[in-house]
Each structure stands twice: as structure tokens, then as C-alpha cells.
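Please walk me through this model in the viewer, stop by stop, telling me what to select next and what is to be found there.

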Amino acid sequence: MTNISDRLDEPDRELVRGGVDEALRNDVSLLGNLLGRVLSEAGGAELLGDVERLRGLAIGAYEGDGSVSIDTAAELVDAFTADRAEQVARAFTVYFHLVNLAEEHHRVRVLRSRDSARTDAASDTLPGALARLIEEVGVEETAERLSALRFHPVLTAHPTEARRRAVASAIRRISDLLERHDGVLAGSAAAVELQRRMLEEIDTLWRTSPIRTTRPTPLDEVRTAMAIFDQTLFEVVPRVYRMLDDALLTDAAGRAPAEAPAFLRLGTWIGGDRDGNPFVTADITTEAARIASEHVLLGLERAASRIGRSLTLDSSEARPSADLDALWTRQTELAETVTSQIGTRAPNEPHRRVLLVIAARIAATRTGSDFAYTAPEELLDELRVIQASLAAGGARRSAYGELQSLIWQVQTFGFHLAELEVRQHSQVHRTALAEIRAGGARAEMTDEVLAVFRSIKGLQDRFGVDASRRYIVSFTQSAEDLGNVYALADAALGTDAPTLDVIPLFETFADLQASTDILDGMLALPPVQARLEATGRRVEVMLGYSDSSKDVGPVAATLALDAAQARIADWAERNDIVLTLFHGRGGALGRGGGPANEAVLSQPPGSVDGRFKLTEQGEVIFAHYGDQAIAERHIEQMASATLLASAPSNEEANRAAAEEFRDLATALDGASRTRFFELVKADGFAPWFARVTPMEEIGLLALGSRPARRGLSVESLDDLRAIPWVFSWAQARINLTAWFGLGTALASIGDEDALRRAYEGWPLFRSMIDNVEMSLAKTDRRLAERYLALGDRDELAALVLDEMALTAEWVLRASGHSELLEGRLVLQRAVRLRSPYVDALSLLQLRALRGVRQGGASEKTDEAKRLLLFTVNGVAAGIQNTG
């Protein structure tokens, strides 16, 4: 690949001319050159030559000028030896990893350049959102809304991150070197040395197997998430608050009491989500919480120590308050040895010595000694004493600078870092409760269910109630399913049961339809009534995007979820409930993916009200939070959208659109669902689906600790989890889960003018059309035909291909575009640049699938399976969508 990038000016120059920023092109060119050198050194000129031949043929076929066909590229792939096919697949996969990191690096570069020139007028910035709210509702109402703002991402361990941690670590090291390379002079000794280091790391990446040999454990997944906290979130969150505070206080910022609220709360299912995962036990839940606490307490300890060491203000220049002196006295009584040592080092620096003792107490909290804090509120009280003393003594910038950031960190993360939420299937609860009530011997699962409540109680006793109080019931089908959780908690611990907020999760179409009836029944439960009184009538309801889409198709599911949100919001208003809707969104479009801030703004009136909670999972966690600059921007965008979703103008626009296009929604729902059922309810559909995609083999990838399916085989869609359902169609370059049924639905309307009015005036519809455009841009009919041919069901293949063509046609008619992604040129060019390279991997994957499908235990079959697993990783990196 001297030349995978160098030769962008040759056969694929038209794909990128004028479309890729020069700085990004230079980065891709540099990394591609370095990869080419590594391939030549590792496999000789022959390997690089084979890679280049396949690349050139794939690009020629993609451009469609008639000089090269996809058949020619396929013939080259089929002619490779098994070893060569694997090497070529790995080469393209490494190339995608390098392109991805270059694009991320460029995104950071763009964010930083915008930062230096930003006016804060845009509505997707916090200052812009505040300005618009003030204009619409006034200063006082805006301040009230801001104080209640809550953005609540929940990290989940769903198996959608295809990269090994070793691969991700190598990519991060190369990224760091590329960033340093930005600041050196071309051709200088420093540049040469950095390129030598990049060569070394790319060589390591090339020689690192992309395939996990063992499935990660739940605790492995916990530690992976902790890396995100350590690298980005702990530092980024107070920076976002500071940005907001600067907008609120303007010139007084940093020397006046902070007005920005600590609006982010972090949740996690990692180590708590046991629905379908037998490896998540009560002991795992306890250990997951301990690991998270260790990380946040270590972060707080280091921050307190760092700030304490810098508070070298002499008592004559910042006189300590009486409260600070009293705090020092209490500290001395608690730990005379510690205070004596610190006091000796800082005899005339009272604020410094008090904060250094606080750091020591945080360390004691981490290790569990007698010097420990009992709760984060105790720590906050002491930090505020220091802050008030500094302010009263005239050192206002020290009071409201870094010390305020530490206060924000404690408010956000507490001593637990992220609230550990427990999730379990309603049927498991029913079975366990029936066994308990019947008496006699109990199954191991029932004992495990009871042990979970003891684990939650232990976490609450150690870290506070907020460490783990939310309990989510998958497939909630009745109020009894919620009452069962409280009954099980009583069976486990009696009057000493933990504090619980039991959250219904409505996943299927039928459950979404019945949601408000179930919620009415929930309000009658005595434990729920007690919690309503304790929380100020707060209720959380979770909506599942994955199974509803698999249940009735993407269009009907989108409309059903929107309608359910509107009904639940009306239900909350009738019952004087402070509602939080929890969105179980995935990364892929078939699981509720797409730009999340746009999705927030398209929610029904009353369904957000300043609070937005959603799952962040798999590759999405790293995409949103893997880099500090990107994480900061993502949090700001989400917070801004959460504020503006309830702006009168936005709610009125969504309300008017829902009313105007109600009949259109009904028509789209019916037609799309009928078409979807025509496919998925066809005899033998599930086995056919497993044959035309790498669904079975994805289960061998060891992406996560949870099994990919519920049974031993896939005889119906009920046997299959939503993630591999989405992942498999994406691998086959079809992306069916994002669009199937939409073309038929739009064609049934048949009125282009009406559809364009909807596109312009109905945010939900526009978001759906835009997301489908992106999904269709990543499909490829030529390759889809080859995958579908593996199934020997011409009628089902024709159904899929006809719907794909119909959807592409009518999506363009509805948007008024002449080509896919016409309105998003940067994304369009990025997809076009990547697609030929993904095509090459897809051809290799098809070769592998044919080899696997031939069956039988043989060396060739094993080689085909290995190649298949390599290509799954490569295609996932290339299309940047898994589950």
C-alpha cells in the first residue's frame, strides 16, 4: 500500500478530488506508505503486488466504467492460496484501522480549529442553546430548566466492538504518534524519528492477530470501560461544565460561584446485565462495582493531591475561615499522624494542608481504612469549606478554579463512578418466584436471583444508594412483572431489602402498545407508591429499539416507538409523574442508531423535559468517548439537544408535524409491516438468513461475554438476539435491518409532493430518511446478489433486492436528492472512498463463506473459517457499523 494511499491520484482520484481535506489526505497517504513498507518487509513485493492488484480491480469495478467487472476481482480472490487470501484480508483490515484513526485525528483537528473561531451561536452548543431558550422562555425559566438538566449515558457491554483490546491499543499508540507528527517540520530529524516509530507500531499491528482466542469475561469488559473513564471522561466532564459556566458568568467566570450544574450522570450495565448472560453473577456484580470505585477514588485522590500541592497560599494572603480551622481540628482528631506530617510541610498554608488531608482520606476510602469517608456528601461538604474560605480570604480564582472542577467530579461520579444497573428477564423472575412460593428444593438460577439483591444491598451500604438502585425488567409484559422484583427482594432480605427503582423495559411491538396500561398497574403497587413519595414522583421507563425493529421492521418500529413515547408522556402528565425515558439505542441504524442529538430533537412533546438517558455500547463507546476532544463535543451536543428538545418552538413543531402527518404515519406503518412480514414470516426464512450471511460464524468471534443467540440453532427470529441480526446483514453489505419495507411504504403513498412536505416538516420522518440514505450508501447490490445466492432461495433473494432498489428510488424522491447522501457531501465522499476497499474484503469473505458452507471437517474448511473471521473484522472496520 505504498500505494493504497499514494495512488489516490491514480484510479480512484475522482472519488476524493476536492472532497477530502488536504491534511487528512496527507495523513492517509503517510500511513498508507508506511503500511506498504511493512507489507513489503513482511511478505515481499509479491504480497504488496497482490494487494495492489485487488485494490485496483475493486476500484475499477466500483467506478463502473465498464473496463473492469466485479467478476474479475472475484477471480483474482479465488486464485489466491489460503495463506495469501488471509494475508490480503489482514492488509485491508489494517489499512481500515489506519484510515479510521486518521479520520478521528482529523475530526479532532477540525474541532480544535472550530474552537478557536467559534461564536457559540449554533444551537448545538451549550451557549447557543441557552441563548435560544432565554429568547423563548426568559432568563428565570431558563435557569430553572438548566438546574434540572440531566444527560445520562449508560455504558453497555453488548458485543459490537469487533476489535481486540490489543489491536485497539496499537491503534491508539499510532494515533498518539500521528498527533505528535503534526507539530514537527517535514523532513526534520524529529519527523524521521516519529515515522520510524510509526513503522514499528504498524508492524506490530500487522503482526497482531485481530481475532480473540478466548471470549472476554464480564470483568474484562468492565476494565475496558474503565479505560474510557481514565483516558477521557474524568477530565472531560468538568471541562464541559466549565464551558457552560463561562457562558453563564461571562467575565466573572472563574472568580464567582459556579452556576453550571453537574448535569451528567454515568450509568453502566457492564457486570450488571444478566439478561441472557450466565456469566454475570452476583459476585461479578459486586466485583464490577469495586473496580469502578477503585478507578474513581484513585482519580479523585490524584486530583485532590495535585490541587492541594498547588494551593501554596500563605495564611497572610488568604486568611483561613473559622470553618476551615474547625475542619483542620477535626482532621487532626481523626488522624493525628497524617495531619502532623502534612502540617510540618505546610505550616503557613492552611488551605493546602486541609486539602492534602482530604486526599489522604480519599485514599483511605479506597482502601477501606477507619480514616475513610462515609459518603461522597461528606467529602463535598469539606471541599465547600475550603472553597468558601478561599473566597472569603480574597483568593476567589483559587476558590472557583481547579477546586470547582474537583467538586464537579465528585458531584458527577460520587464514590461509585457509574451507577451499576441490574437487568434480568421477566421470565427468570417468574420462575424463581414460583419456586420460592412452592417451597422445597430450588434451582441454582433461583439462588442466583436472590443473591443479586444481597449484592445490591452490599453496594448500597458501601457506596451509597445511588451506586446501584435501578433494576430493569426485560420483556415487561404486566405490572406483575415489576411487582415480582420487589417480592424477590423481600424473599432475599426481608425488611433489610435494598432500595430499588424497578424500571419496565418495553421491547416488542405488543409491549409498546400495552405500555401505558402496564404503567397504570405499576402505580398501584405499594412498593412503587412508597418510592414515588420518596423521589418526588419520579418514574423511569425504558424503550427497546432492537427487538421492536426485529419484531415489525424498522419503519413500523420507529413509528411505534414514537407513538409509545407520546402516550407515555401524556400518561406521566395525567398522573403528575416526573418522567425519564431511557432509550435502549444501539450503534447501527437497525437498533435505533444514527445521530443521537438529532434524535433527541425529534422526540414527541413532553417526552424529554430536560432529561435524556440512553445506552452507549460497543464501538459507539469508543467513537463517542475514546478521544477527549470528541467526547467533549459529544457531551455538549447531547446536553444542548436535551435542553432544546423542550423549547416551546421545538415541541410545537413536533406536535404540529405529528398531527399533520398522522395519516401518512398510519399508511407507512401498515404497508411497511406487511412487506416486512412477507419476508421474515416466509417458510424457512431464519435458516436461509443464517446461510446467506455470516451469522453463525459471528458467534465464533468471541466479541463479548454474552452468547449471540438464545438457543442452539436459529429456527426462528425469536432464537436470535438483535445484535447479530443487525451485524450479519451489515456484513453481507445489505443492511436490511435499517430500511426493509420503507420503499414499499413510500411507493404506496405515491405522492412525491406529499413525501417532500413530510421530509421538510416532520423531523421524525426526515431523520428516518436521512439515516436510511446513509445505510443504503453502504450497501452494494453486486455483492448483495452474491451473498443472497448462497441460500438457494431465488424468491427471497428477489424480494430483498427488489425492496432495496425500490427503497433507494423512493428515498431519493422523498428527499428530493439526485443521489444518496447528496446533502452530506463529506460523508458521501468518505463512503465512496472506503467502499471499493470494503468490496475487496467482501469478495474474500464470500470465498470463505463458500468454503465453510461446503461443510465437513477438513483443513480447507478450517482455513475458510479462519479467513472468514479475519474478513468479519475487516468489514466491520471498513463500514464502521457492527451492531
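Does aspartate 314 count as buried, partly exposed or exposed? Select it in this predicted model: at 31% relative accessibility, aspartate 314 counts as partly exposed, because that value falls between the 20% and 50% cut-offs. The residue lies in the loop between α11 (282–310) and α12 (322–334). If you add glutamate 619 to the selection, you have two residues that are 305 apart along the chain, and their C-alpha atoms are separated by 49 Å.

**The whole chain**

Zoom out to the full chain, which has 41 helices and 9 strands. Its radius of gyration is 28 Å, close to the 29 Å that the globule rule gives for 883 residues, so the chain is as compact as a globular protein of that length. Along the principal axes, the C-alpha trace spans about 85 × 75 × 60 Å. If you colour by accessibility, keep in mind that 59% of the 883 residues count as buried, while the accessible surface comes to about 33700 Å², of which 49% belongs to carbon and sulfur atoms. Among the contacts with a separation of 6 or more, 80% are accounted for by residues 24 or more positions apart.

**The nonpolar cores**

Next, select Leu54, Leu679, Trp729, Ile734, Trp739, Trp762 and Phe765, which are the residues with the most contacts inside the largest nonpolar core, a set of 124 residues. The largest share of this core, 16 residues, comes from helix α3 (residues 22–63). A second, separate core of 95 residues can be located through some of its members, including Met226, Phe234, Leu390 and Tyr400.

Return to isoleucine 734 and show what surrounds it: leaving out residues up to four places away in sequence, isoleucine 734 touches Trp729, Trp739, Thr779, Ala784, Leu788, Val800 and Met804. Now move to arginine 733, in the loop between α33 (722–731) and α34 (736–739). Arginine 733 has a phi near 65°, a positive value in a residue other than glycine, and it is buried, with a relative accessible area of 2%.

For another positive phi, select aspartate 792, where the angle is about 55° although the residue is not a glycine. Aspartate 792 is found in the loop between α38 (781–788) and α39 (794–815), and at 64% relative accessibility it counts as exposed.

**The aromatic rings**

Show the side chains of the aromatic residues: the structure holds 23 aromatic pairs. One of them is formed by phenylalanine 453 and tyrosine 471, and this pair is stacked, with 5.4 Å centre to centre and 5° between the planes. Phenylalanine 453 lies in helix α19 (residues 444–463) and tyrosine 471 in strand β5 (residues 470–474), so the pair ties together parts that are 18 residues apart in sequence. Both phenylalanine 453 and tyrosine 471 are buried.

Then select phenylalanine 676 and phenylalanine 677, which form a tilted pair, 6.4 Å centre to centre and with 50° between the planes. How does each of these two residues count in terms of accessibility? Phenylalanine 676, at 1% relative accessibility, counts as buried, whereas phenylalanine 677, at 25%, counts as partly exposed.

Select Phe685, Trp688, Phe689, Trp725 and Trp729 together, since ring pairs link these residues into a cluster. Trp729 has already appeared on this tour, as one of the residues with the most contacts inside the largest nonpolar core.

Two arginines complete the view of the rings. The charged end of arginine 361 sits over the ring of tyrosine 373, 4.0 Å from its centre. In the other case, the charged end of arginine 813 sits over the ring of tryptophan 810, at 4.3 Å from the ring centre.

**A last stop at a proline**

Finally, select proline 261, in the loop between α10 (218–249) and β2 (267–268). Proline 261 is buried, with a relative accessible area of 17%. Its contacts, leaving aside neighbours within four places in sequence, are Leu146, Ser147, Tyr241 and Leu244. With glutamate 140 added to the selection, a C-alpha to C-alpha distance of 15 Å can be displayed between two residues that are 121 apart in sequence.

How values were computed. Residues numbered from 1 in each chain as written. Predicted model: local features only at pLDDT ≥ 70, side-chain atom pairs only at ≥ 80, totals over all residues. Heavy atoms only, no water. Phe/Tyr/Trp six-rings, centres within 6.5 Å; stacked < 30°, edge-to-face > 60°. Helix = DSSP H or I, 4+ residues; strand = E, 2+ residues; numbered from the N terminus. Buried < 20%, exposed > 50% of the residue type's maximum accessible area, 1.4 Å probe, protein only. Lys NZ or Arg CZ within 6 Å of the ring centre and 35° of its normal. Rg over C-alpha atoms; globule rule 2.2 N^0.38 Å. Contact = heavy atoms within 4.5 Å. Areas by Shrake-Rupley, 256 points an atom, 1.4 Å probe, with all protein chains shown as cover. Core = buried A, V, L, I, M, F, W, Y, C linked by side-chain atoms within 4.5 Å.
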